[in-house]
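Visitor: Good morning. I should like to be guided through a protein structure, one question at a time.

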Amino acid sequence: MSGFRIRPAGPGDGQVLTDALVEAASWNPNRPRTRADVLSDPVRLRYIASWPRPGDAGVIAVDDADSPIGACWFRLFPADRPGLAAVDGVPELILGVRPVWRAQGVGRALLRETIRLAEAAGHARIALSVERGNFASRLYVSEGFTIVSSGDTADVMVRASR
Ligand SMILES: CC(C)(COP(=O)(O)OP(=O)(O)OC[C@H]1O[C@@H](n2cnc3c(N)ncnc32)[C@H](O)[C@@H]1OP(=O)(O)O)[C@@H](O)C(=O)NCCC(=O)NCCS
């Protein structure tokens with residue numbers, strides 16, 4: 001792989017975010033989720049429905065040919081229709097990188113820029129859900145996230161601005 005760059009996610013990026021949502025949900029080869037599985041889950045669909053809504057923000061990683069290779073974005077959900085990481089008044093993020101581009105710094109770069117965007121928008125905290133066993137939790141801890149609640153199979157993590 002050669003270089004990549006990060007650009008803002010725009011109104012035309014709904015499909016890119018949909019692909020990243022599928023990547024994010026399909027991390028576990030021992031418990032595969034098809035694209036159809038992911039896109040028939042009404043809670044996961046909340047992360048991409050009507051993108052972009054006011055207050056949404058995120059970034060896309062692209063390769064040297066400007067093809068998308070990953071995405072990270074956040075959205076603030078209404079309290080009665082949260083995503084997977086419900087914490088009152090705290091936006092939730094999703095992060096996914098295409099398999100051939102993993103473990104090359106793309107995920108960390110996307111995460112850092114999304115955190116920066118959330119802070120710039122005035123959010124003191126940002127939340128996410130990570131399934132237990134996913135090494136992504138190590139990335140999140142190293143970027144300042146801590147577990148605030150745990151379900152049967154996943155943890156909710158929050159990062160507070162420093
Ligand atoms: C999780 C994910 C977004 C991380 O993005 P990435 O580009 O692969 O990660 P990076 O190269 O930026 O690495 C960040 C950290 O992740 C961890 N990591 C990355 N690849 C790893 C691997 N193969 N095994 C274990 N840890 C790994 C390391 O802690 C790494 O930090 P380090 O390089 O300082 O050691 C990406 O691998 C992915 O899309 N995975 C599938 C979907 C997913 O799990 N999304 C998150 C759902 S909550």
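Guide: Please note that this is a predicted model. Let us begin with a backbone contact: the nitrogen of A85 in the main chain lies 2.8 Å from a polar atom of the E92 side chain.

Visitor: Which other backbone nitrogen lies 3.1 Å from a polar atom of the side chain of E92?

Guide: E92 belongs to strand β4, which covers residues 92-97. Its contacts include P82, G83, L84, A85 and A86. Among these, the backbone nitrogen at 3.1 Å from a polar atom of the E92 side chain is that of L84.

Visitor: E92 is buried, so how far away is the nearest side chain of opposite charge?

Guide: A salt bridge requires a side-chain nitrogen of Lys or Arg within 4 Å of a carboxyl oxygen of Asp or Glu. E92 is buried and yet has no salt bridge. The nearest side chain of opposite charge belongs to R46, at a distance of 7.7 Å.

Visitor: Is S129 buried, partly exposed or exposed?

Guide: S129 is placed in strand β5. Buried means under 20% relative accessible area and exposed means over 50%. The relative accessible area of S129 is 29%, so S129 is partly exposed.

Visitor: How far apart in space are S129 and I94, C-alpha to C-alpha?

Guide: S129 touches L84, A85, A154 and D155, leaving aside residues up to four places away in sequence. S129 and I94 are 35 residues apart in sequence. In space, their C-alpha atoms are separated by 8.4 Å.

Visitor: Why is strand β2 described as largely enclosed by the rest of the structure?

Guide: In a regular strand the side chains alternate between the two faces of the sheet. In β2, A57, V59, A61 and D63 point one way, while G58, I60 and V62 point the other way, and all are buried. The strand is therefore largely enclosed, because the number of its residues that are buried is 7 of the 7.

Visitor: Which residue of β2 is the bridge partner of R5?

Guide: Strand β1, residues 4-8, is joined to β2 by 5 bridges, and the two run antiparallel. Within this pairing, the partner of R5 in β2 is V62.

Visitor: Which residue of β3 stands opposite A61?

Guide: β2 is also joined to strand β3, residues 68-75, by 6 bridges in an antiparallel arrangement. The hairpin of β2 and β3 has 4 residues between the strands, and D66 takes a positive phi near 70° there. Opposite A61 in β3 stands G70.

Visitor: How many of the 7 residues of strand β7 are buried?

Guide: β7 pairs in the antiparallel sense with strand β5 over 7 bridges, and with strand β6 over 4 bridges. The strand, residues 154-160, is largely enclosed by the rest of the structure, because its buried residues number 6 of the 7.

Visitor: Which residue stands opposite V158 in β7?

Guide: L128 has M157 as its bridge partner in β7. β6 and β7 form a hairpin with 3 residues between them. In the pairing of β6 with β7, the residue opposite V158 is T146.

Visitor: Which residue has a side-chain N or O atom 2.8 Å from an oxygen atom of the ligand?

Guide: Of the 21 residues around the ligand, V97, A103, G105, G107 and N134 come nearest. A backbone N or O atom of V97 lies 2.8 Å from a ligand oxygen, and one of Q104 lies 3.0 Å from a ligand oxygen. The side-chain contact at 2.8 Å is made by N134.

Technical notes
Residues are numbered from 1 along each chain as its sequence is written. This is a predicted model: local features need pLDDT of at least 70, side-chain atom pairs count only at pLDDT 80 or more; totals for chains, interfaces and linings use all residues. Side-chain values use heavy atoms; hydrogens and water are left out. Buried means under 20% relative accessible area, exposed over 50%, partly exposed in between (1.4 Å probe, protein chains only). Two strands pair if DSSP finds at least two bridges between them. Contact means heavy atoms within 4.5 Å. Lys and Arg count as positive and Asp and Glu as negative; His and the chain ends are not counted. A polar contact is a pair of N or O atoms within 3.5 Å; within protein, one must be able to donate a hydrogen and the other to accept it, and residues adjacent in sequence count only if both atoms are side-chain atoms. A residue is near a molecule or strand if one of its heavy atoms lies within 4 Å of it.
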